[in-house]
Every structure is written in C-alpha cells, then in structure tokens.
Amino acid sequence: MTLPISFEFFPPKTDVGADKLLTIAAQFQAFKPDYFSVTYGAGGSTRERTLSIVSSLNGQGAPIRPHLSCIGDSRAHIADLLTIYQAQGLSHLVALRGDLPSRQVGLGELPYARDLVEFIRAKTGDYFHIAVAAYPEMHPQAPSFALDMDYLAQKFNAGANSAITQFFFNADSYFYLSCEMQKRGIDKPIVAGIMPIIHASNLIRFSDACGADIPRWIRKKLADYGDDSASIKAFGLEVVVKLCERLIAGGVPSLHFYSMNQYEPTAAIIDALNLSPSATV
Ligand code: FAD
C-alpha cells in the first residue's frame, strides 16, 4: 500500500534530548517520509529550541516543515522567522494560532491562524506551502461545530494549501469533516493526524486538554490494563492500525504521525500497515 507519511517532533529541552531526536529521525528516514514537522511553543516560548532542531534536521534527508504560531506574538517576530526559514531553503510551514499559558494575557497582533496565513501570504506571496490545523471533533474553544468548520474553510480561503487534523479515534469524524469542507467548496488535502497509544494516563490527560475524544470502550479497556504497559501497547497498536486501515480504505490522502519523539510506537503502526512511501501532499 502506498501513501505519503510524515512525522511530528517537539523540540527537545536538552542537548542529550536533541542528540536522541536526531537518532530517532535517522531511524524514521528508512520509511522515506514526506517530511518531518517540528512544533513551536505559543508566544515564542520554544523559539530558539525549535530553530535549533530545525536547523540540525534540515538537509539530513526528509524535508523539514517548522510549525509557527501567532497568538501573543508580534508581526515583526513572525516576519523574522519567515526570513530565517526562507534563508534556510525551507518552503513548507504549519501555521497555527497556538495556546497561550493561562497566566499570559493578550492575543497579540494576529489573534487567529487565519490572520497568520494572511500575514504569511502578504509577506512572502506563494513561496511557502502552508498547512493549517483541523479538528474532526471540533476545537474545544469553538463557538459551534458549524462555525469551527467555517473558520477552517476561511483558513483555506486565506491561502492554506492543506490541513493536518488533531488526533482522533473515530474515523467517521474525519470523513464528516472532509464532507463539511467539500460542502464549502474546499478540495485541498486534509491529512489525518495519528496518535500512537503509548501511555494511558498521558493520552487521557492530553486528550482532555485538546478536546480529542477517547471512546468510552477504549478508556475502559485502558483502565482494565492498569500498569500492564505491554498490554496497553498491544491493544493501542491494534486500535490505531484499524483506525488507519479505515482511513486508508476511505481515501485519506496522507497520515501524519504524532511521534512524541519516540520511534518504536509509530514504527510498529507503519510496519503493521505495510506502508510504502509515495508522492508529496
Ligand atoms: P484557529 O484556527 O485560529 O482557531 C482557534 C479557535 O478560534 C477555534 O475554536 C476556532 O473555531 C476559533 N476561531 C477561528 N477563527 C475565528 C474567528 N474569526 N472568530 C472567532 N473565533 C474564531 N500549538 C502550538 O502552540 N504549537 C504547535 O506547534 C502546534 N502544532 C499543532 C499541530 C497540529 C496538526 C494541530 C492540530 C494542533 C497544533 N497545535 C499547536 C495546537 C493549536 O495551536 C491549538 O489547538 C490552538 O488552540 C488552535 O490553533 P488553530 O491554529 O487551530 O487556531
């Protein structure tokens, strides 16, 4: 089965972590990924670390797509980053609003991701391929599901080339989102974001924070396994592989893996799917 795949990393906090991530990225190269993406802390909180790991990864194989967020940041800061990335020959970005820490107030000069997309297009024309975030189960702060879909369509209409979804475990929510975009005249690729199930408690905490639903039966089974991490991993692998199989059968254009900077859990999914790489989305 051929399909483009990509992997997401977060910038490590230490030099040891950065070295480890470079090793993991080298292992992932064997899957011939479409690209690696690197997250960016809202308000510029990981600016230096993101720049550093992007620079270390750049030119080592798969293209790098840095994430860029706008909330709490200035146009001047964002313009600097665009200049840096252009100078490094990077031509793809993931453009996000970001989430400010609760103690930080003030939305900054570009309050929504759509504003960021407009700003990038105004500054750099068509130079960058821009991916934006999409939420099959609705962004937790959205006023309504319909408005969240409208806002996603606005990001495409502002110049986004593709979207990557928040992770989800219900394939129907992805297909429904795709239909909602078609109804709004959007035919750009919507890449499915896939989260491996590694630790039950981390997954539940993360899902609760970002509004991704863990179906009740999955929560219950994870609870039953308690501290039995081998059973959690085996069950998680089965669940996520079946999810990917349904998405592939339904025509998903690409899979984007939230690697959590770990090789084995994501590699096990790709091995089980028997995926070979194909062209860029
Ligand atoms: P937006 O599209 O701006 O939407 C944010 C909220 O505002 C939504 O509820 C939307 O419905 C609402 N909205 C949009 N436009 C309007 C409007 N005109 N009026 C009123 N309401 C509006 N976060 C990071 O900090 N760094 C990262 O690197 C990062 N990477 C991510 C990668 C992916 C693939 C995904 C799915 C998420 C990522 N996030 C990241 C998390 C993301 O920043 C948060 O989910 C954030 O809360 C929303 O970002 P957004 O780009 O979707 O925002």
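In this predicted model, a backbone N or O atom of arginine 97 sits 2.8 Å from an oxygen atom of the ligand. Two side chains join this polar contact. Aspartate 99 places a side-chain N or O atom 2.5 Å from an oxygen atom of the ligand, and a polar side-chain atom of tyrosine 135 lies 2.7 Å from a ligand oxygen atom. On its own the ligand would expose 980 Å², of which the protein buries 88%.

The surroundings of the ligand comprise 23 residues, with Tyr40, Asp99, Tyr135, His139 and Asp148 the closest. By residue type, this shell splits into 11 nonpolar, 7 polar and 5 charged members. Helix 4 (113–124), helix 5 (145–157) and strand 6 (162–165) each contribute at least two residues to the shell, and helix 5, with 3 residues, provides the largest share.

Helix 4 itself deserves a closer look. This helix has 12 residues and spans 16 Å from its first C-alpha to its last, close to the 16 Å expected at 1.5 Å a residue. Its buried residues are Ala113, Asp115, Leu116, Val117, Phe119, Ile120, Arg121 and Thr124. The cover over these buried positions includes strand 3 (64–69), helix 3 (75–87), strand 4 (92–96) and strand 5 (129–134), together with helix 5, which is also one of the elements that supply the ligand shell. After helix 4 comes glycine 125, with a positive phi near 60°.

On the other side of helix 4 in sequence, the loop that links strand 4 to helix 4 holds glutamate 109. With a relative accessible area of 40%, glutamate 109 is partly exposed. Setting aside residues up to four places away in sequence, glutamate 109 touches Asp73, Ser74 and Arg75. One of these neighbours is also a polar partner: the glutamate 109 side chain reaches the backbone nitrogen of arginine 75 at 2.8 Å. Cysteine 70 is 39 residues from glutamate 109 in sequence, yet their C-alpha atoms are 7.9 Å apart in space.

Finally, phenylalanine 175 belongs to helix 6 (residues 171–183). Beyond its neighbours within four places in sequence, phenylalanine 175 is in contact with Arg246, Leu247 and Gly250. Proline 140, 35 residues away in sequence, is separated from phenylalanine 175 by 19 Å, C-alpha to C-alpha.

Key: Residues numbered from 1 in each chain as written. Predicted model: local features only at pLDDT ≥ 70, side-chain atom pairs only at ≥ 80, totals over all residues. Heavy atoms only, no water. Near = heavy atom within 4 Å. Polar contact = N/O pair within 3.5 Å; in protein donor to acceptor, adjacent residues only side chain to side chain. Areas by Shrake-Rupley, 256 points an atom, 1.4 Å probe, with all protein chains shown as cover. Helix = DSSP H or I, 4+ residues; strand = E, 2+ residues; numbered from the N terminus. Nonpolar A, V, L, I, M, F, W, Y, C, P; charged D, E, K, R; others polar. Expected span 1.5 Å × (residues − 1). Buried < 20%, exposed > 50% of the residue type's maximum accessible area, 1.4 Å probe, protein only. Contact = heavy atoms within 4.5 Å.
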